[in-house]
Each structure stands twice: as structure tokens, then as C-alpha cells.
Amino acid sequence: MPTSDFLAAFVDFTPDPTAALADEFERLAVHNGWDRTDDEYRENRGRFYASEFDEHWGTDATKLQNWQALCAEVKIEPVPQTITKCRKALQKVHFNLVDLVDSRRTGVEARRFPSVEALRKYTKKNKLFPKQAAKDDGFLKALLRHIFQQTRNSKRPT
């Protein structure tokens, strides 16, 4: 399993590609002496999470194959044949981004939720993908859901 570009920069750290995302980052943070209360910790957490997503599904939001790979991963069938149709199909499914990356790392299938509300309840208690890291990545940004504020349209990023 390849190592993300982010982890490759830490030559004295031995990655465990089968570890859950949060566990692997915590190991890296301890290794580097990053304090959870510091900006450095939060910034590196965002970079690490985004880099791991990018490693598996790419970074280019203009490539149909990236969208199709993600659609296939979350079991959208049939896989749409255009980016627009992929985006629309992905708006109808709800999954935790951390779990999605973990599915590739650990082999445990990411859970699909029946609604944004169900996803919201789970995510608040369990696994948050760093919002700014996702917003900075055009591909990831399209997958964001409102988690901390309820709006009339809970499908758009905050």
C-alpha cells in the first residue's frame, strides 16, 4: 500500500498503512511532539487527512475517473458516466469521510447513513474530517455535509 505524500516527508517515522486514520495521526503527532492544543497539530492533522484521501481517490475534480472511483466505492450503481451525474449521485448518499479513508486502510467497509441527520449524529460523536482541509480540496469539498449547523439544505459545505 503506498504512503501518502504527507507521511513520506517524515523519513524517521514508519507508517502503518493498515492503522485507522486517527490512530495513525496520533502516532505521528506523538512521534513529532505535537500538542493537541497547538495550531501545528490541527494544521498537520488536516494535511494528513486530506493527503490520505487524495492518495486513494486523487485530487483532480475534473477527472471523471476519480468521481467514478468514488461512486463505485460507495456502491452507487450503475456508476454515472459524467462528472455532473456523479456529483448528483454522491449528494444522495451519506457517509463519513474518515470512515471512507479508513475503509481503504483497514478493510472495514464505510457505513452509509440513511440521512444527513443520521450522519450528523454519528460524526459529532465519532469522526470529524478537518473541514478546512476538505474545503481547500475541490474534490473533497463536493462531499462535505453540514455537521454542526442544521440548515434547510444540509448537503452544502459550511
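This passage walks through a predicted model of the protein, from its overall build to one loop, two helices and a cavity.

Start with how far the model can be trusted. The mean pLDDT of the protein is 88, and 91% of the residues reach at least 70. Confidence peaks in helix α2 (residues 21-32), with a mean of 96, and bottoms out in helix α9 (residues 138-141), with a mean of 75. Residues 154-158 are another matter: pLDDT stays under 50 there. For that stretch the model has 17 contacts beyond four places in sequence, and these come with the low scores just mentioned.

As for the overall build, the protein has 9 helices and 2 strands. Going along the sequence, the order is α-α-α-α-α-β-α-β-α-α-α. The C-alpha atoms fit a box of roughly 45 × 30 × 25 Å along the principal axes. The radius of gyration is 16 Å, which agrees with the value near 15 Å that a compact globule of 158 residues would have. Of those 158 residues, 43% count as buried. Long-range contacts are well represented too: among contacts between residues at least 6 apart in sequence, 51% join residues at least 24 apart.

Helix α4 (residues 64-73) is a handy way into the details. Its buried residues are N66, W67, Q68, L70 and C71. The spacing within such a list is easier to read with a bit of helix geometry in mind. An α-helix has 3.6 residues a turn, so residues three or four places apart point the same way. In α4, the buried set includes W67, L70 and C71.

After α4 comes K75, with a positive phi near 60°. Most residues other than glycine have a negative phi, and most peptide bonds are trans. K75 is not a glycine, yet its phi is positive. This lysine lies in the loop between α4 and α5 and is partly exposed, because its relative accessible area is 46%, in between the 20% and 50% cut-offs.

The loop between α4 and α5 also holds P78 and P80. The peptide bond joining E77 and P78 is cis, with omega at about -10°. The two prolines sit in opposite classes of accessibility. P78 is exposed, because its relative accessibility of 71% is over the 50% cut-off. P80 is buried, because its 11% falls under 20%. Setting aside neighbours within four places in sequence, P80 is in contact with Q68, C71, K85, C86 and A89. Of these partners, Q68 and C71 are among the buried residues of α4, while K85, C86 and A89 fall in the range of helix α5 (residues 83-91). Two C-alpha distances help to place the prolines. P78 and Q68 are 10 residues apart in sequence and 9.9 Å apart in space. P80 and K127, which are 47 residues apart in sequence, are 28 Å apart.

Further along the chain, helix α7 (residues 116-125) has V116, L119, R120, Y122 and T123 as its buried residues. Note that an arginine, R120, is in that set. These buried residues pack against β1 (94-95), α6 (97-106) and β2 (112-113), and so both strands of the model come into the packing around α7. Helix α6 also holds S103. S103 is buried, because its relative accessible area is 12%, under the 20% cut-off. Beyond four places in sequence, S103 is in contact with E73, V108, E109 and A110. E73 is the final residue of α4 as its range is given.

Lastly, what about empty space inside the model? Rolling a probe the size of a water molecule over the atoms shows where empty space is left. There are 2 cavities of 30 Å³ or more in the structure, and the second largest cavity holds about 40 Å³. Its lining is made up of W67, R87, L90, Q91, A142, L143 and R145. Helix α5 gives the most to this lining, with 3 residues. By class, the lining has 4 nonpolar, 1 polar and 2 charged residues. W67 ties the cavity back to α4, where W67 is one of the buried residues.

Terms used: Residues numbered from 1 in each chain as written. Predicted model: local features only at pLDDT ≥ 70, side-chain atom pairs only at ≥ 80, totals over all residues. Heavy atoms only, no water. 1 Å grid on protein atoms, 1.4 Å probe; cavity = no way out; pocket = protein on both sides within 12 Å on 5 of 7 lines; lining within 4 Å. Points joined across faces, edges and corners; volume = space filled by probe spheres on them. Helix = DSSP H or I, 4+ residues; strand = E, 2+ residues; numbered from the N terminus. Nonpolar A, V, L, I, M, F, W, Y, C, P; charged D, E, K, R; others polar. pLDDT = per-residue confidence, 0-100. Contact = heavy atoms within 4.5 Å. Rg over C-alpha atoms; globule rule 2.2 N^0.38 Å. Buried < 20%, exposed > 50% of the residue type's maximum accessible area, 1.4 Å probe, protein only.
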